[in-house]
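Work through the exercises below with the structure open. Each task is followed by a solution in steps.

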Amino acid sequence: MNTIDLLDIPEAVVTTIMAEIVSAPGDFEGLLFGTNVQTQKLEYDDQKGEVLSITNRIVIKDFINLGNTSICGDDQQLNINFLSSLTSPNNSLIGWMCARRESPLQPSLRERMIQKKLFAWMSQKQNPNDLKCVFGIWSTSANTNRAVRAYDYRHFLTDSNQIIRPVSLRVLSQSESSTKEYSSFVPTTDSTSLKYLGFQNFMTNDIPQVREMERNCQTILQIMEEKVNELVNLERQVLQARTELRAKQKAKDAKLKSVN
């Protein structure tokens with residue numbers, strides 16, 4: 001069995017994170033929201049025969065800057081009530097990130113501790129075998145006269161093995177062809193809320209049409225995600241049926257040979 005983990009982020013979310021880093025008075029932590037869709041397919045190898053290939057595609061769709069608040073309190077325990085207030089069925093938490101200026105892109109002991117505790121908390125609501133918890137480190141530096149500013153980042157994944165391992169991050173362009181979207185059943189271009197495209201002043205509670213449109217979009221996205229899950233489950237059933245059919249055929253062939 002081959003397992004591939006893909007981590008994607010739209011360029012609009014990248015721009016938002018970079019703007020938050022520049023405007024923040026200091027280092028900060030943030031939460032990452034998005035989707036994790038698993039697809040399976042059978043591949044054929046000359047030596048191994050049929051090999052099951054599993055691809056986990058994680059898309060970071062949203063980001064919240066926690067400001068002066070930390071994921072962990074002074075007692076080094078997760079702020080469960082605070083995290084619960086920011087998550088919902090329509091706002092799926094997939095991990096967290098920290099922004100540190102002019103620092104190495106390596107997790108500290110405290111960040112490793114937070115990552116493990118956050119994974120354990122998320123495991124209470126999701127299947128730990130399918131769960132992937134994302135952790136990102138973002139850093140920025142400037143030259144002597146601060147005329148040029150550079151950004152760098154590194155991301156990690158934690159799964160049921162409780163191992164924090166690095167993973168590559170792909171930045172998706174908003175002008176990316178939609179052909180790949182529909183072929184993979186995973187939306188990418190509609191990945192961010194309107195506030196990340198500069199409409200935060202437009203999105204007010206005084207405009208009922210906007211609120212209704214946002215509710216309709218959330219409903220459509222939820223239906224699409226349900227359909228994707230149905231397709232994934234059907235594919236798993238097909239693979240299981242094929243495996244059982246091969247086992248029965250082998251037993252039948254062995255029985256015929258013993259009779260002859």
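**Exercise 1. The aromatic cluster**

Task: Decide whether Trp96 is buried or exposed, then follow its ring contacts through the predicted model.

Solution.
Step 1. Trp96 has a relative accessible area of 0%. Buried means under 20%, so Trp96 is buried.
Step 2. Searching the whole structure gives 3 aromatic pairs. In one of them, the ring centres of Trp96 and Phe135 are 4.4 Å apart and the ring planes stand at 25°. Planes under 30 degrees apart count as stacked, so this pair is stacked.
Step 3. Trp96 belongs to strand β4 (residues 93-101) and Phe135 to strand β5 (residues 133-142). With their positions 39 residues apart, the pair links distant parts of the chain.
Step 4. Phe135 has 1% relative accessibility and therefore counts as buried.
Step 5. Phe135 also pairs with Phe156: the centres are 6.2 Å apart and the planes are at 25°, so this pair is stacked. Phe156 lies in strand β6 (residues 149-158), so the pair ties strand β5 to a part 21 residues away in sequence. Phe156, like Phe135, is buried.
Step 6. Put together, Trp96, Phe135 and Phe156 make up one aromatic cluster.

**Exercise 2. A residue of strand β6**

Task: Classify Tyr153 by accessibility and list its contacts beyond four places in sequence.

Solution.
Step 1. Tyr153 is placed in strand β6.
Step 2. Its relative accessibility is 28%. Buried requires under 20% and exposed over 50%, so Tyr153 is partly exposed.
Step 3. With neighbours within four places left aside, Tyr153 contacts Leu105, Ile137, Trp138, Leu169 and Val171.
Step 4. Tyr153 and Ala99 are 54 residues apart along the chain, and their C-alpha atoms are 9.0 Å apart.

**Exercise 3. A loop serine**

Task: Which residue shares a side-chain polar contact with Ser70?

Solution.
Step 1. Ser70 sits in the loop between β3 (49-65) and α2 (80-86).
Step 2. Outside four places in sequence, the contacts of Ser70 are Glu29, Asn79 and Arg110.
Step 3. The side chains of Ser70 and Glu29 are joined by a polar contact of 3.2 Å.

**Exercise 4. The length of a helix**

Task: Check the span of helix α3 against the value expected at 1.5 Å a residue.

Solution.
Step 1. Helix α3 covers residues 109-123, which is 15 residues.
Step 2. The expected span is 1.5 Å times one less than the number of residues, so α3 should span 21 Å.
Step 3. The end C-alpha atoms of α3 are 21 Å apart, in agreement with the expected span.
Step 4. Buried residues of α3 include Ile114, Leu118, Phe119 and Met122.

**Exercise 5. The whole chain and its confidence**

Task: Summarise the fold, and state where the pLDDT is below 50.

Solution.
Step 1. The protein has 5 helices and 8 strands, in the order β-α-β-β-α-β-α-β-β-β-β-α-α.
Step 2. Of its 260 residues, 35% are buried. The accessible surface is about 15800 Å², with 53% belonging to carbon and sulfur atoms.
Step 3. Of the contacts between residues at least 6 apart in sequence, 69% join residues at least 24 apart.
Step 4. The average pLDDT is 79, and 81% of the residues score at least 70. The pLDDT is below 50 over residues 188-206, a stretch with 35 contacts in the model beyond near neighbours in sequence.

Notes
Residues are numbered from 1 along each chain as its sequence is written. This is a predicted model: local features need pLDDT of at least 70, side-chain atom pairs count only at pLDDT 80 or more; totals for chains, interfaces and linings use all residues. Side-chain values use heavy atoms; hydrogens and water are left out. Rings of Phe, Tyr and Trp (its six-membered ring) pair if their centres lie within 6.5 Å; planes under 30 degrees apart count as stacked, over 60 as edge-to-face and the rest as tilted. Helices (H or I, at least four residues) and strands (E, at least two) are DSSP runs, numbered from the N terminus. Buried means under 20% relative accessible area, exposed over 50%, partly exposed in between (1.4 Å probe, protein chains only). A polar contact is a pair of N or O atoms within 3.5 Å; within protein, one must be able to donate a hydrogen and the other to accept it, and residues adjacent in sequence count only if both atoms are side-chain atoms. Contact means heavy atoms within 4.5 Å. pLDDT is the predictor's confidence in each residue, from 0 to 100. Accessible areas come from the Shrake-Rupley method with a 1.4 Å probe; for residues, only the protein chains shown count as cover.
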